Amino acid sequence: MTVDLPARSRLVAERLREEGIEGELVVLPDAASTAAQAAAALGVEVGAIANSLVFVSDGEPLLVMTSGAHRVDTAALAARLGRGSIDRATPKQVRQATGQAIGGVAPTGHPRPLTTIVDEALAAFPQLWAAGGTPHTIFPLSFDELVRLTAGTVAKVD
């Protein structure tokens with residue numbers, strides 16, 4: 001029930017409903033701030049965790065949804081996207097861009113839409129798990145739902 005969710009997670013749940021995504025937010029007893037922690041809590045491969053990483057590129061926030069099994073190669077991704085550079089956002093920049101704290105950034109529920117890149121490797125998993133706005137909330141969705149939810153561009157990120 002969404003009324004029992006933290007405020008940031010309620011925004012995520014509302015957005016999922018608006019997009020017709022049926023995955024329900026799960027509240028974990030312990031924080032799952034990393035892909036490894038989330039995978040262990042859910043009993044899934046770390047690659048099935050869709051990490052929401054915020055960067056700054058050409059003066060604007062850039063959300064990269066990457067497989068928990070990958071690290072983002074920012075130089076290679078910047079070259080692929082034709083951008084000047086891609087730099088890791090500070091915690092303050094993450095909060096400003098998403099309204100959410102590092103470790104719980106969801107692919108949606110932000111104050112305004114973010115330009116989003118979705119790691120092509122996530123397509124290999126029939127079910128993905130993404131943070132739900134806090135380090136204690138997570139939800140399932142498919143690769144196609146993730147791309148639709150974020151209006152993301154699919155690309156190689158590592």
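1. In this predicted model, the largest pocket is lined by 30 residues, and those that lie nearest its centre are Ser33, Asn51, Ser52, Leu53 and Arg88. Its volume comes to about 560 Å³.

2. As to which elements build that lining, at least two residues each are supplied by helix H2 (35–42), strand E2 (49–57), strand E6 (128–131) and strand E7 (137–141). Strand E2 gives the most, with seven residues in the lining of the largest pocket. Sorted by class, the lining of the largest pocket holds 18 nonpolar residues, ten polar ones and two charged ones.

3. The second largest pocket has a volume of about 240 Å³. It is lined by 16 residues, of which Arg15, Thr108, Gly109, His110 and Pro113 are the closest to its centre.

4. Helices appear again in the second largest pocket, where helix H1 (7–18) and helix H5 (143–150) each supply at least two residues of the lining. The largest share, four residues, comes from H1. The class division of the lining of the second largest pocket is six nonpolar, five polar and five charged residues, and a colleague setting up a calculation may wish to read these counts beside the 18 nonpolar, ten polar and two charged residues that line the largest pocket.

5. Helix H5, which contributes to the lining of the second largest pocket, also merits a remark on burial: its buried residues are Phe143, Leu146, Val147, Leu149 and Thr150. Viewed along the axis of H5, these buried residues fall within an arc of 165°, and they therefore line one face of the helix. As general background, an α-helix has 3.6 residues a turn, so residues three or four places apart point the same way.

6. The backbone just after H5 should be noted as well, since alanine 151, which follows the helix, takes a positive phi of about 50°.

7. Is alanine 40, a residue of helix H2, buried or exposed? Its relative accessibility is 64%, and because exposed means over 50%, alanine 40 counts as exposed. Helix H2 is also one of the elements that supply at least two residues to the lining of the largest pocket.

8. A last point concerns the separation of alanine 40 from threonine 66: the two residues stand 26 residues apart in sequence, and their C-alpha to C-alpha distance in space is 18 Å.

Methods. Residues are numbered from 1 along each chain as its sequence is written. This is a predicted model: local features need pLDDT of at least 70, side-chain atom pairs count only at pLDDT 80 or more; totals for chains, interfaces and linings use all residues. Side-chain values use heavy atoms; hydrogens and water are left out. On a 1 Å grid over the protein atoms alone, a cavity is a set of points where a 1.4 Å probe fits but cannot get out, and a pocket is an open set with protein on both sides within 12 Å along at least five of seven lines; lining residues have an atom within 4 Å of a point. Grid points are joined across faces, edges and corners, and a volume is the space filled by probe spheres set on the points. Ala, Val, Leu, Ile, Met, Phe, Trp, Tyr, Cys and Pro count as nonpolar, Asp, Glu, Lys and Arg as charged, and the others, Gly among them, as polar. Buried means under 20% relative accessible area, exposed over 50%, partly exposed in between (1.4 Å probe, protein chains only). The arc is that of the directions from the helix axis to the C-beta atoms.
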